[in-house]
Each structure stands twice: as structure tokens, then as C-alpha cells.
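Visitor: Please show me the structure. I should like to ask how its labels are justified.

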Amino acid sequence: MAQHHAKSGWSGRFGFLMAAIGSAVGIGNIWRFPYVAGQQGGALFLIAYVVMILLIGFSAMIAEFAVGRHAGKNVIDAYAGQKKAWGAVGVLSCIVSFLIVSYYCVIGGWVIRYAVGYIGGGSFVAGGDYSAVFGDFVANPYMPIVYLLIFMVLCLGILMFGVQKGIERVNKVLMPMLFVMLLFVMIVSLTMDGAIEGVKFFIVPDFGRVEASGGVVGILLAALGQSFYSLSIGIGIGITYGSYVGKDVSLTRNTAIICVSDTLVAVVAGFAILPAVFAAGQEPTAGAGLIFVTLPAVFATLPPVLGAIVGGVFFLLVFFAALTSAIALIEVNVAVLVQKLKWNRRVAVAAVVAAASVLAVFVSLSQGGIQMFDLLNVLDVFSNTFMLPLIGILTCLYVGFVWKPKNAVAEIETSGPFPIAKIWSFNVKYLCPVMIGALFVYGIVSIFL
């Protein structure tokens, strides 16, 4: 019989919804989505991404919520609920969430530096060589570490207050603010001279770009990978947050709202960034440096005061997105320590944050502070190319063949109708494992060829 931790649960539907949206809406939407869209053909990638959210993202996310709510336990015990050996999938989720947060907070620290810089007037990028400004900052052996520790201390403070008073309360405030700030940046971007070319790139398919973007398969697989990264699937967050959900909360409706909200933020971020990039004569294919190198060049084309305001607002909203996702990543391991090992919550939070911070210091130093391999890239590739697809496949197999779709549907329907139950059952049992498997194989092959 499932055990629910009412003491640790959400205060209600809205609290769960904001926290779940906050866990999904993160750097993946605002930093990663626009630059991947730029590299993968703009509108072609957008279409593929929406298709992947509909076919795979929704199915995988509601599966995780159902597993979590049915078990009412941490990610390891939730998977072990039907067969003990499957608890190993939960262990993998704990590992990958820990690895991701250890480099996520490094990027979060960079974002804080840029937000502070722009709020202070933007003089730190006034020289004009934006690549050098960013390169000099990340190569500094001390300052990036200071900022990543500030980021982690903020996470620590929020998580110390628990699920309702910490995670839920912060998300209720930050998520609406994030939407408003993103809309502001989008409006400024769309009113820039030459922005229409960026709009066309983003919404009008140019089939001449297919080959340069890796072909149809390359675009589809990139879209599938982004949907996993953006929705935080395979990290254990869905199961952990799902374990705090009451039986009266509709998983169907809320998962749909989360997927729509997450996609909407990604699309608005695309409209906020790509038109501005075109207007400033920059390249949309700039890659991971898009928001730290290309966007400062964009903000510099605005009147000085407006450029500082838009830059400050933009990096503040990226910070909000990073913070809400980071606390979700940390909570996965905190829940295991508290529920399975019976640790005091505050001790568990401090232990996870401290351990992740130690690894994060080495990640930061690997960006140029000391001579070593690029640990951030290694962890990112290992997590997103290997671990997330693998855990995604195992979750679908667990629901499809161990727990059985009929039992999952029964759990989902305890809080309301599930009109697409038959389609979802087919998706989670057959379509999702095959398509995620394709991403998994493609990712491995692309690394070694």
C-alpha cells in the first residue's frame, strides 16, 4: 500500500503546479533552447520540438508523476515498489541529478555575475569584446567559484524551509515574475530594427536548412534530446515531486499545463533572443555562448540605459529559472536521505549542497582556472547523452512491463478522467522506448564517429 508523506506535501494544486513548472522551466528553456534552435534550422526545430513534446514528453512526464504519487516515496523506493531490483533506476536518477546540479550551479553563478553587472549599469561589458569578457571571467580561478557558492547558498536557504515553506513558496513568487520579465524582453526584441528576419527564421520553415542541420533525423533527435532536458525527464524530479501530490490533484490536467507552460517559455525565449540576434547582425548558430557572448552584443545596440535595463531583466529571469530547477535537482537526493536513511532534513540539505559544491568547484576550475579537461562538458554529455535517455527507457519499460499501463492508468484516473489512456499506454510501452532508444544510440555513435 502506498504511503504518502502529508507532512512534506504541497499545500494544494497551485503549489504543486508552480513547483513542477519551476522544476521544468530552467536554463534549458532560456539558454539551451534558443541556441539549439539556431543551430538546427529555426522553424524546422520548433516544429520537431512540439511534436516530441506531444509524442514523448507528455507521456514520459505523466508516467513519472504516476509512479511517484502511487508510491508516495523517494525515487529509489518508488522504483523498487514492484520489484526490488528496479530500485537501481532510482539510484541512477540520484546520480544524474547530483551531477547535473554540480555544473548547473556553475552556470547559475555566471548568470548571477551578468545580472549583477547589468543591474550595476553594464560597464563590465562596455569594452565591446564580449567573448574576451566572458572568457576572462570563467578563466579566473576565484570569482566564478564565489558566484557559484552564492548560488548554492541561496538553494540551501530555500530547501532548509522544506517543501511548502521553501520550494513551493519560492516558485509561487518566481514563476509569475519570470513570465512577465520574459515577455518584457521579447517585446523589446521584437521592436528592434531588423527583428523580422529573426521572426521568419523562427516560424517559417526553410527546408534548405535541413541538410546543414543534420538531416531530418538529426533535427528530430535534437528536438527529442531538448524535450528531455527541458522537461527534466529521467532525473527523478517527476517522481519526487509526484510523491508529494495528493490523490485529488489531476495528473492529466496538470501535466498538460506543465508541458504547455514549459514549451511556451521556450518559444517566448526564442522570440526574445533570435529576433534580437538577427537585428544586431549576430549569428543564431553561436552555440552555448549565445546568452553570454552574443546577447551582450545585442544589448549594446540599444540606448545605454535601456540596454542595461534589458540586460539586467534578462539575466535576472535566467537566474530565477536556474534557481527553481536547481532546488528541484537537489530535492531528489534530499528526499532519499530523509525518507530512506532517516536523516534530519536540514542535515540532508546541507550534505547534498556541500557535496555538489565541492564537485562544482572542480567544474568551475576546469573552465580555465587551472589546466585540466573540460569537466562541465564531460558531465553535460555524460548526463544528457547517456544517462537521461537510459533512465527514460528504463522508466518506460518499468511502467510498460513491470507495473503495467493498466495500473498506471488506474492511478492517474483516481484524480479525474484520462481520455487518451489507450494512446498513452501504447506510447509508454512501445513508442517512447523505441524513440528514446534511437536518441541513445545516435548520441553514442555521434560521439565516437
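The exchange below sets several labels against their definitions.

Guide: Please keep in mind that this is a predicted model.

Visitor: Why is the contact between Glu411 and Arg69 called a salt bridge?

Guide: The label requires a side-chain nitrogen of Lys or Arg within 4 Å of a carboxyl oxygen of Asp or Glu. For the side chains of Glu411 and Arg69, the N to O distance is 2.7 Å, and therefore the pair satisfies the rule. Glu411 belongs to helix H17 (residues 405-412) and Arg69 to helix H3, with the two positions 342 residues apart in sequence.

Visitor: What makes Glu411 and Arg69 count as buried?

Guide: Buried means under 20% relative accessible area. Glu411 has a value of 4%, and Arg69 has 0%. Both residues are therefore classed as buried.

Visitor: Which parts of the chain does the pair of Lys247 and Glu411 tie together?

Guide: Lys247 lies in the loop between H11 and helix H12 (251-279), whereas Glu411 lies in helix H17, so the pair ties together parts 164 residues apart in sequence. The salt bridge between these side chains has an N to O distance of 2.7 Å. Arg69, Lys247 and Glu411 form one network through salt bridges that share partners.

Visitor: Why is Lys247 called partly exposed?

Guide: The class lies between the limits of under 20% for buried and over 50% for exposed. Lys247 has a relative accessible area of 36%, and so it is partly exposed.

Visitor: How do you know that Lys200 and Glu197 form a salt bridge?

Guide: Their side chains meet at 3.9 Å, N to O, and the limit is within 4 Å, so the pair qualifies. Lys200 and Glu197 are three residues apart in helix H9 (residues 195-203), which means that about one helical turn separates them. Lys200 is partly exposed at 43% relative accessible area, and Glu197 is partly exposed at 41%. By the salt-bridge rule, the count for the structure comes to six.

Visitor: What is the span of helix H8, and what is expected for it?

Guide: Helix H8 (residues 162-190) has 29 residues and reaches 40 Å from its first C-alpha to its last, close to the 42 Å expected at 1.5 Å a residue. H8 also has a kink of about 25°, centred on Glu168.

Visitor: How many cavities of 30 Å³ or more does the structure hold?

Guide: There are three cavities of that volume or more. To qualify as a cavity, a set of grid points must admit a 1.4 Å probe that cannot get out. The largest cavity contains about 110 Å³ of space. Its lining comprises 15 residues, and those nearest the centre are Ile100, Tyr104, Tyr229, Ser232 and Ile235. Among the elements that give two or more residues to this lining are helix H5 (87-119), helix H10 (215-231) and helix H14 (304-339).

Visitor: What classes of residue make up the lining of the largest cavity?

Guide: That lining has eight nonpolar, seven polar and no charged residues.

Visitor: What is known of the second largest cavity?

Guide: The second largest cavity holds about 80 Å³ of space. Of its 13 lining residues, Ser23, Met61, Phe65, Leu231 and Gly238 are the closest to its centre. H1, helix H3 (43-71) and helix H11 (237-242) each supply at least two residues of the lining. By class, the lining of the second largest cavity has nine nonpolar, three polar and one charged.

Terms used:
Residues numbered from 1 in each chain as written. Predicted model: local features only at pLDDT ≥ 70, side-chain atom pairs only at ≥ 80, totals over all residues. Heavy atoms only, no water. 1 Å grid on protein atoms, 1.4 Å probe; cavity = no way out; pocket = protein on both sides within 12 Å on 5 of 7 lines; lining within 4 Å. Points joined across faces, edges and corners; volume = space filled by probe spheres on them. Helix = DSSP H or I, 4+ residues; strand = E, 2+ residues; numbered from the N terminus. Nonpolar A, V, L, I, M, F, W, Y, C, P; charged D, E, K, R; others polar. Expected span 1.5 Å × (residues − 1). Bend = angle between axes of the 7 residues up to and from the residue. Buried < 20%, exposed > 50% of the residue type's maximum accessible area, 1.4 Å probe, protein only.
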